[in-house]
Amino acid sequence: MHKLALAVPLLAVGFAHAVPAVQQPLIPTNGEEIVRGDWSTATASRKLQGKFLHITDFHLDPFYKYHSSTEEEAACHRDEGPAGILGAETTDCDAPLSLINATFRWIDENLKDDIDFIIWTGDSARHDNDEEIPRSEAQVVQLNELLVHKFVEVFGKQDNINDTDPTNDLTIPIIPTFGNNDILPHNILASGPNEWTKKFSSIWRKFIPEEQRHGFERGGGFYVEVIPNQLAVFSLNTLYFFDSNTAVDGCAEKSEPGYEHMEWLRIQLEFLRQKGMKAIMTGHVPPARTESKTSWDETCWQKYTLWMRQYRDVVVGSVYGHMNIDHFLLQDIDEVNTDALNGDMDEDAVFREAFDDELTIQSSTEYLSELRIEWSHLPDPEKIKLLLTVGLDDESQYRGLAGRKEKGKDKKQREFFRKIGGRWGERYSSALISPSIVPNYFPTMRVIEYNITGIDDLNSVTDNSDLVAGIQRTMARDGIFDSDNDEHVANSVDSQETDLEELAKGKKKKSRNKYKKLKKPNFTVPNPPSKSAPPGPAYSPQTLTWLSYTQYFANLTKINNDFVSEHGGDIDDTRWKKGKHHGKHPKEKGSKPHPKPFVFEVEYDTRNDSIYKMKDLTVMSYIDLAARIGRYRPEKGDRIQDTVSNGLNDDRKDEGSPDNDSTGSFTATKKGGKKGGKKGKKHGKHHKRKAINKVWFTFVKRAFVGTRDDADLHEQFGQPVQDCETD
């Protein structure tokens, strides 16, 4: 019997309701092979391809019924409506098994032989969104087991039947992490060991190295050395950092699992530094943080940002899921202070609310707009471009300016360097957040390309026993390192405190009255890179630097083939998204689906993208992109064709400004009317034309995976566009 057929009976076990008979996975039943890879040729010596897959948030729902209602009370489980055979795009319904099967089939046929490893960032189980079919522990476990089964079908070996090591069953490493919906009740995970860390230790026995399973059951994190002696990928348990997890309380107190998890990460990153290795951070909940909202507890965000700063020579990049919208983050080390690190919140400190469980259109709009406001304060992107082409050659030259009198250009360059943290932008670290497979918009996945110059003859099968043994010895010594063994390991606490003090001094200058005395941190501060160490691959192009990514999407409106027009109604900004087809019915009542061939298309590729114009994925490239997104007066090449702003105040910033509209919902003009009254009449005589930031609108369009009409985006994020063209 064909292996894939096993997926169907697996779903029927342990569920409160039988799987709807009409919802059958798109798997041939006549014996036709669907997995077309040559399994017999899989070997342990796959050459590196310089690419890896990031996939997230499947939210598999075995009770999904096609042509059911997308209303909240039905949740694509009953009644009649527009739910498609492969998923109900732009709704809050979860993903049918047919979409999961089609996705893995496409990966098998198009990506399987071109990637070195897979990062899978959680939320595989369905939401608890139907009171008539409540979730159970058995459901959550079995849905996660099913996703493991799908990965093994595509990336498993068939030639090691007598091999008793389950982690040797795959052709490439797969690094999973669990999400806030992969546990019950959702969001809540207590200190380990607990029933859920033990369950996932078993579910992921093919992925977690055997020698790390005990530690995983305690902390929920692990790592895999995906390229021997070169690169490790960390699966972080972000639920211990998650602000919505009421079972834990941050990362400041030693009794908290978040504190212990950060210590675990610090120790292991230190050993990677000693071995000259690099690391990728992965997790489910990203460290999203704006002026008003946060996803992590503040003490965890502070400590993680400090860790990324101190290990900037080790960490290559970070990827996360959870939020379902395509975007990125810049974490600013200038936001780190010892009070917050220690959990002592000043009475004047900014207190941020936790994000809602699920982002609505409205909350996503506010969130993205707040990010833009923050980025609007970044240095001029034109200066960044100039620096990248004709600026100082390296950090040592920048530091050399301090020893002589500065004039003209030197002074301006030094000031610019000060703002971004030197030649490589080391004031910041970056994180990439990918949208989901579950079609809240369109299903997506991302393939990231990285530099394998000099290591292209290596393979992605690992033996990390030496590294693990070293880490275990260190943890047994309670985190104390032998500093005489490596010049890159500082030999005193003084150097650690000095580095933190330098960070605090920068803060102290800005708010002299607020920080009168520097408090000693109540934890071990990681050592910074050696002063002689070159910048890491996240900052300077080199081996393992991320070069580009390709964003794929599946246009379910076309594929489901239920409606003539690709564009339905507006997407709701209410709590439950009913989708752009809500209120509609398929062409004929009771008709069978006739989907078109399933395919993931390229939405955009950063390597040749004419809007983002990113030469690589280094932090400096993201600083440049963020600064361009944040411009309210974009440069000529970043504009959409100017629009007439009848009656607008000429003195206002283009598209509105954070000074005039703190919510970020920019309303410079309105359909069918003017804004400004008498003031508008006074300054609107010449019908001043206002430029629209093309990079910003492309960013928000991609955030929603192209599912929102341009007119709606311009209405919500800026000026309405009337026959706009790009310049």
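Two strands pair if DSSP finds at least two bridges between them. Helices (H or I, at least four residues) and strands (E, at least two) are DSSP runs, numbered from the N terminus.

Before you start: this is a predicted model, where local features need pLDDT of at least 70, side-chain atom pairs count only at pLDDT 80 or more, and totals for chains, interfaces and linings use all residues. Residues are numbered from 1 along each chain as its sequence is written, and side-chain values use heavy atoms, with hydrogens and water left out.

**Exercise 1. Trace the open sheet and find its edge strands.**

Step 1: Put the strands in order. The open sheet has 6 strands in the order 4-5-6-8-11-9, and their pairing is mixed.

Step 2: Look at the ends. Strand 4 (222–227) and strand 9 have a single partner strand each, so one side of each is left without a neighbour in the sheet.

Step 3: Check the twist. On average, neighbouring strands of this sheet are turned by 25 degrees against each other, direction ignored. Axes here are lines fitted to C-alpha atoms, for helices over the stretch in contact, and angles run from 0 to 180 degrees between N-to-C directions.

Step 4: Zoom in on one pair. Strand 9 and strand 11 (residues 428–433) run antiparallel and are joined by 6 bridges. Pick Gln331 and you'll find its bridge partner in strand 11, Ser429.

**Exercise 2. Find what helix 16 lies across, and say how many of its residues are buried.**

Step 1: Place the helix. Helix 16 (residues 619–629) lies across strand 9 and strand 11, and runs at about 105 degrees to strand 9.

Step 2: Apply the burial cut-offs. Buried means under 20% relative accessible area, exposed over 50%, and partly exposed in between (1.4 Å probe, protein chains only).

Step 3: Count. In helix 16, 11 of its 11 residues are buried. They include Asp624 and Arg628 as well as Ile623 and Leu625.

Step 4: Zoom out. Of the 727 residues of the protein, 59% count as buried.

**Exercise 3. Describe how helix 6 and helix 7 pack.**

Step 1: Pick the descriptors. Two packed helices are described by the angle between their axes and the distance between the axes.

Step 2: Read them off. For helix 6 (residues 257–275) and helix 7 (residues 298–310), the angle is about 5 degrees and the axes are 11 Å apart.

Step 3: Name the arrangement. Angles under 35 degrees count as roughly parallel, over 145 as roughly antiparallel, 65 to 115 as roughly perpendicular and the rest as oblique. Helix 6 and helix 7 are therefore roughly parallel to each other.

Step 4: List some of the residues in contact (heavy atoms within 4.5 Å). Helix 6 brings residues including Met262, Leu265 and Arg266, while helix 7 brings residues including Tyr304, Trp307 and Met308.

**Exercise 4. Spot the unusual backbone in the loop between strand 3 and helix 4.**

Step 1: Recall the usual picture. Most residues other than glycine have a negative phi, and most peptide bonds are trans.

Step 2: Find the cis bonds. Leu184 to Pro185 is cis, with omega near -10 degrees, and so is Gly192 to Pro193, with omega about -5 degrees. Pro185 sits between strand 3 (174–176) and helix 4 (195–203), and Pro193 lies in the loop between strand 3 and helix 4.

Step 3: Check phi. Asn187 is not a glycine, yet its phi is positive, about 80 degrees. Asn187 is in the loop between strand 3 and helix 4, and at 6% relative accessibility it counts as buried.
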